[in-house]
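Here are some notes to read alongside the model, with the sequence open next to it. Take the points one by one and find each residue on screen as you go.

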Amino acid sequence: MSSEPSNEFALKQWVAESLIRQLPEQNIKAKLVATGYDEDYALSLLEEAKPYIAAFPEIGRELAKRDWLLDVLHRVQRQSAHTQTIERRSVDELSREAFIEQYYTANRPVIVTGAFQDWPALKKWTPEYLLEQFGEDTVEVQTQREADPIYEHNAHQHKARMPFHQFIAMVLGAESSNDFYMTGNNMEENNAVLKTLFEDMGPLPPYLEDRGPDGQNAYFWFGPAGTITKLHHDICNGFLAQMYGRKLIKLISPLQLPHMYHYLNFYSRVDLEQPDLDQYPLFKEVEMTEVILHPGEMLFIPVAWWHYVRALDISISLSFNNFCAPNTYPTFYEVAGPDPEQAD
C-alpha cells in the first residue's frame, strides 16, 4: 500500500492503486476511516474509481502475481544460512572466479578483507593528511542536506564549493552531522584536485578492472560521523571500501520489494532513522542484515539490493563499480519511464 494521501488528488490515486492491487474494498474503506475520513466519503471514492479500474483487471493480477513470486523466492532464500549473515572472506582465499560464481552472479553480498593491506592510502588517509596535502585547494561538497528530506535525489541543488581546509574544519568540529558531506556525486569536479591522492592507491582487487589514470577507478567519500545515505538501491553492482573510520550498513534483499514503499525510482519512503510503521505497515515484515565496515574492508552490494549507510566515525570511503564482469543493466527509466513524483 502506498503512503497515506495528503490531498484529494493523492487520495484518489491511492484508492485507485489499492484497487488495482486487488486489495479488498472493506480494507481500503477501513484504512480511510481509520485515517480520519468520513465513511460516506470513503465509499464515494471507491465508487468513483471503480469504472476506471474495471478497464484494467489484469494489471492487479499481474502485480499480485509478482508480489507472490517475490515472496515465495524470499521464503526459499531464507532457508539458507547465508541469508542470515554476511560472510567475511579474505582476498587471499577468494579468487576472481570464486567471487563471480559465489557472489556476483548469485546476487549475494559479501565483505572482502585484506584487499588494501599494501595500499599506502590505508595508513596515510586521515583528515590531517588531506588538510596538509590539499587544504588550499577548492573542492565541491554537499551542504544543507538536513533541511531537505530528499537531499540525495536533489543532490545538484546542494552542491557548494569551498576551500578544502574549511570543509575539513567543519568535519573535525562536528560531533555528528548529516548536513555536509563530500560524496561520489562531487567527483566530476574533485577528480582534478584529488588526482595525486589516488596515487596512494595500489593494485586493484582481482574482481575489478583498471579504467585508467586520474582516479577514474573510484569515487571518493569523506565526511563526519553521522552522514547518512538513505535507504535505496543502485542500478549496478558496487563495492564500498572503507579506508578510515567505520560505517554501519543495513541491507535488504530485493525480493522484499513489495514491502519497501519504493518511490523516486531508487528510494524507499521509509526513514530508517525513524521508521513510521503506522504509515508504512508492510515494512514491519522486512528482514534486514546489519554490518559494520571497518578500515581495510570492502562490502559487495549486489545490484538492486536495498541499503542504508551511516558513518559511525569521521569516515573516508571509496566506491567502485568497474567490475571484471558485465555490470550494465536496463534502468527503471527505460522500463517504466520517469517517476511521476520526480522533482523538477
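1. Let's begin with a term. A cavity here is a set of grid points where a 1.4 Å probe fits but cannot get out, and its volume is the space filled by probe spheres set on those points. Keep in mind that you're looking at a predicted model.

2. How many cavities of 30 Å³ or more does the structure hold? There are two. The largest cavity has a volume of about 40 Å³. To find it on screen, look for the residues that line it: Ile-228, Lys-230, Leu-231, Val-270, Asp-271, Leu-272, Glu-273 and Tyr-308.

3. Which strand gives the most to that lining? It's S6, with three residues. By class, the lining of the largest cavity has five nonpolar and three charged residues, and no polar ones. You can check that split against the names in the previous point.

4. Now for a pocket, which is an open set of points rather than a closed-off one. The second largest pocket holds about 910 Å³ of space. Its lining is made by 30 residues. If you want to land in the right spot, pick out Asn-185, Trp-221, His-232, Asp-234 and Ser-319, as these lie nearest the centre of the pocket.

5. Which elements give two or more residues to the lining of that second largest pocket? They are the strands S5 (219-223), S6 (228-232), S7 (238-244), S13 (306-311) and S14 (315-320). The largest share is three residues, and it comes from S7. As for chemistry, the lining of this pocket divides into 14 nonpolar, 12 polar and four charged residues.

6. Next, look at the loop between S14 and helix H10 (332-336), where you'll find Asn-321. Setting aside its neighbours within four places in sequence, Asn-321 is in contact with Arg-211, Tyr-219, Cys-236, Asn-237 and Asn-327. Try a distance too: Asn-321 and Phe-220 are 101 residues apart along the chain, while their C-alpha atoms are separated by 13 Å.

7. On to the helices, starting with H1 (residues 8-20) and H2 (residues 25-35). Their axes come within 10 Å and cross at roughly 155°. Angles over 145 degrees count as roughly antiparallel, so that is how H1 and H2 lie to each other. H1 passes H2 in a right-handed crossing.

8. Which residues of H1 and H2 meet? On the H1 side they're Leu-11, Trp-14, Val-15, Ser-18 and Leu-19, and on the H2 side Glu-25, Ile-28, Lys-31 and Leu-32. Sorted by class, this contact has six nonpolar, one polar and two charged residues.

9. H1 also packs against helix H3 (residues 39-53), at an angle of about 60° and with the axes 9 Å apart. H1 and H3 are therefore oblique to each other. Their crossing is right-handed. H1 brings Glu-8, Leu-11, Lys-12, Val-15, Ala-16, Leu-19 and Ile-20 to the contact, and H3 brings Tyr-41, Leu-45, Leu-46, Glu-48, Ala-49, Lys-50 and Ile-53. Those residues divide into 10 nonpolar and four charged, with no polar ones.

10. The last pair is helix H7 (residues 127-134) and helix H8 (residues 164-173), which pack at about 165° with their axes 9 Å apart. That angle makes H7 roughly antiparallel to H8. Is the crossing left-handed or right-handed? H7 passes H8 in a left-handed crossing.

11. To see how H7 and H8 touch, show the side chains. Pro-127, Glu-128, Leu-130, Leu-131 and Phe-134 in H7 meet Phe-164, His-165, Ile-168 and Leu-172 in H8. By class, that contact has seven nonpolar residues, one polar and one charged.

Technical notes:
Residues numbered from 1 in each chain as written. Predicted model: local features only at pLDDT ≥ 70, side-chain atom pairs only at ≥ 80, totals over all residues. Heavy atoms only, no water. 1 Å grid on protein atoms, 1.4 Å probe; cavity = no way out; pocket = protein on both sides within 12 Å on 5 of 7 lines; lining within 4 Å. Helix = DSSP H or I, 4+ residues; strand = E, 2+ residues; numbered from the N terminus. Nonpolar A, V, L, I, M, F, W, Y, C, P; charged D, E, K, R; others polar. Axes fitted to C-alpha atoms, helices over the stretch in contact; angles between N-to-C directions. Parallel < 35°, antiparallel > 145°, perpendicular 65-115°, else oblique. Left-handed = near helix turned anticlockwise from the far one by under 90°. Contact = heavy atoms within 4.5 Å.
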